[in-house]
Amino acid sequence: MFLTTTDEVVWIIESEEPECEFVGSAVIVEGVVAGRDRLRADWIGPV
């Protein structure tokens, strides 16, 4: 999955669980930075 922030920064989200229900929605992602442009998500949820 890809996440684009409000300031147009793009992150690649690594997650164990598919979160297709949030595609196109505003979300909050909790996790750790796993590379220059990657986040390892522990939790993804609606704003």
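Strands here are DSSP runs of E with at least two residues, helices are runs of H or I with at least four, and both are numbered from the N terminus. With that in hand, let's look at this predicted model, where local features need pLDDT of at least 70, side-chain atom pairs count only at pLDDT 80 or more, and totals for chains, interfaces and linings use all residues. Residues are numbered from 1 along each chain as its sequence is written, and side-chain values use heavy atoms, leaving out hydrogens and water.

The chain holds 0 helices and 4 strands, running β-β-β-β from the N terminus on. Some overall values follow.

| Property of the chain | Value |
|---|---|
| C-alpha span along the principal axes | about 25 × 25 × 15 Å |
| Buried share (under 20% relative accessible area, 1.4 Å probe, protein chains only) of the 47 residues | 19% |
| Accessible surface (Shrake-Rupley, 1.4 Å probe) | about 3800 Å² |
| Share of that surface on carbon and sulfur atoms | 53% |

Now for the largest pocket. A pocket is an open set of points on a 1 Å grid over the protein atoms alone, where a 1.4 Å probe fits, with protein on both sides within 12 Å along at least five of seven lines; lining residues have an atom within 4 Å of a point. The largest one encloses about 250 Å³, a volume being the space filled by probe spheres set on the points. Of its 14 lining residues, Phe2, Leu3, Phe22, Ser25 and Val27 lie nearest the centre. β1 (2–4) and β3 (27–35) are the elements that each supply two or more lining residues, and β1 contributes the most, with 3.

Note on methods:
Buried means under 20% relative accessible area, exposed over 50%, partly exposed in between (1.4 Å probe, protein chains only).
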